[in-house]
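This briefing goes through a single structure by topic, beginning with one pair of facing residues and widening from there to the sheet, the helices and the pockets.

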Amino acid sequence: MPNIIDVSDLSYRYQEAGSRVLDHVTLSVKQGEWLAIIGHNGSGKSTLAKCLNGLIQPEQGNVVVSGYNTKDESAIWKIRRRVGMVFQNPDNQFVGATVRDDVAFGMENHGVAREEMLQRLDEALKLVKMEAYADQEPHRLSGGQKQRVALAGIVALQPLIVILDEATSMLDPEGRRDVLETMKLLNKQRGLTVLSITHDLDEAVHADRLIVMNEGKVIRQGTPAEIFQHAELLEEIGLDLPFAVKMERLLRQRGLEMTERPLTQEGLVNALWTLRSTM
């Protein structure tokens, strides 16, 4: 698949910061890919996300999204129509009195015709399994439900790319699972390109590819299986390994070698059953 995002030699520093928050970052994202960008707090992940939709401009280098350079002021709104962002706290995104009003808000701002808007609204709520809550007040929903409504508002705008900026970090395990399952569905069925900005490696294992950032630089990239072969490096930069990865390492240290290295708890259970059958 062709690249939908190309970042080349990107550097940026906030005025109050002495050192660069982003330091010569180069990466690409393929259309329809799920890419997780991982790193501890302060590694530059969220600043990179803001560069991708033109909220901030590079000090150096270029960011090209769907063929448009963010340095081109005439292209900024075209880029933002193609990139939807879901942030950490869904309460900060709600503007409507009901779920239905909130999902419709962005489409009204984009001038979507009423008949089409109603159709998109219904489709978006069904996709995230929130149609039964259309007339409820957003603040009465659970954390996971709020994030699904936020996703519906983005999906209704029909972007090419969705950026999840620590979007599951404030959710309980059930809410996190609901949001990730919804994004998997949208990624696979709708072909949405997904960028997950996170320090949660249990979330990152579901991505097609990972990019590891530290001190504003890309220090590793590859598939989840490739990245978790460098578990010691991830721990060194302050990341907490997934439970399955930690358990596999512990068992291996005690002489129990599995045929493969599981990344998820489901994979760990399967690997343990396989190991048991060979003993």
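In this predicted model, V212 stands opposite R220, a residue of strand 10. The two residues belong to a pairing in which strand 9, covering residues 209-214, runs antiparallel to strand 10 and is joined to it by five bridges. The points below place this pairing in its sheet and then turn to the helices and the pockets.

**The sheet**

- Strands 9 and 10 are part of an open sheet of six strands, whose order is 6-7-8-3-9-10 and whose pairing is mixed.
- The edges of this sheet are formed by strand 6 (83-86) and strand 10 (217-222), each of which pairs on one side only.
- On average, and with direction ignored, neighbouring strands of the sheet are turned by 20 degrees against each other.

**Helices packed on the sheet**

- Helix 1, made of residues 45-52, packs on the sheet and touches strand 3 (34-38), strand 6, strand 7 (161-165), strand 8 (193-198) and strand 9, while its direction makes about 150 degrees with that of strand 8.
- Helix 5, made of residues 143-155, also packs on the sheet, where it touches strand 6 and strand 7, and its direction makes about 170 degrees with that of strand 6.

**The largest pocket**

- The volume of the largest pocket is about 760 Å³, and its lining consists of 24 residues, with M85, G106, H110, I154 and L157 lying nearest the centre.
- Helix 2 (76-82), strand 6, helix 3 (99-109) and helix 5 each supply at least two residues of this lining, and helix 3 gives the most, with five residues.
- By residue class, the lining of the largest pocket divides into 13 nonpolar, eight polar and three charged residues.
- Strand 6 therefore appears in two settings, as an edge strand of the sheet, by the definition of pairing used here, and as a contributor to the lining of the largest pocket.

**The second largest pocket**

- The second largest pocket holds about 380 Å³ of space and is lined by 14 residues, of which R177, L180, D202, H206 and E266 lie nearest its centre.
- At least two lining residues come from each of helix 6 (173-189), helix 7 (201-204) and helix 11 (265-277), with helix 6 giving the most, namely six residues.
- The lining of the second largest pocket is made up of four nonpolar, three polar and seven charged residues.

Definitions and conventions: Residues numbered from 1 in each chain as written. Predicted model: local features only at pLDDT ≥ 70, side-chain atom pairs only at ≥ 80, totals over all residues. Heavy atoms only, no water. Helix = DSSP H or I, 4+ residues; strand = E, 2+ residues; numbered from the N terminus. Axes fitted to C-alpha atoms, helices over the stretch in contact; angles between N-to-C directions. Contact = heavy atoms within 4.5 Å. 1 Å grid on protein atoms, 1.4 Å probe; cavity = no way out; pocket = protein on both sides within 12 Å on 5 of 7 lines; lining within 4 Å. Points joined across faces, edges and corners; volume = space filled by probe spheres on them. Nonpolar A, V, L, I, M, F, W, Y, C, P; charged D, E, K, R; others polar.
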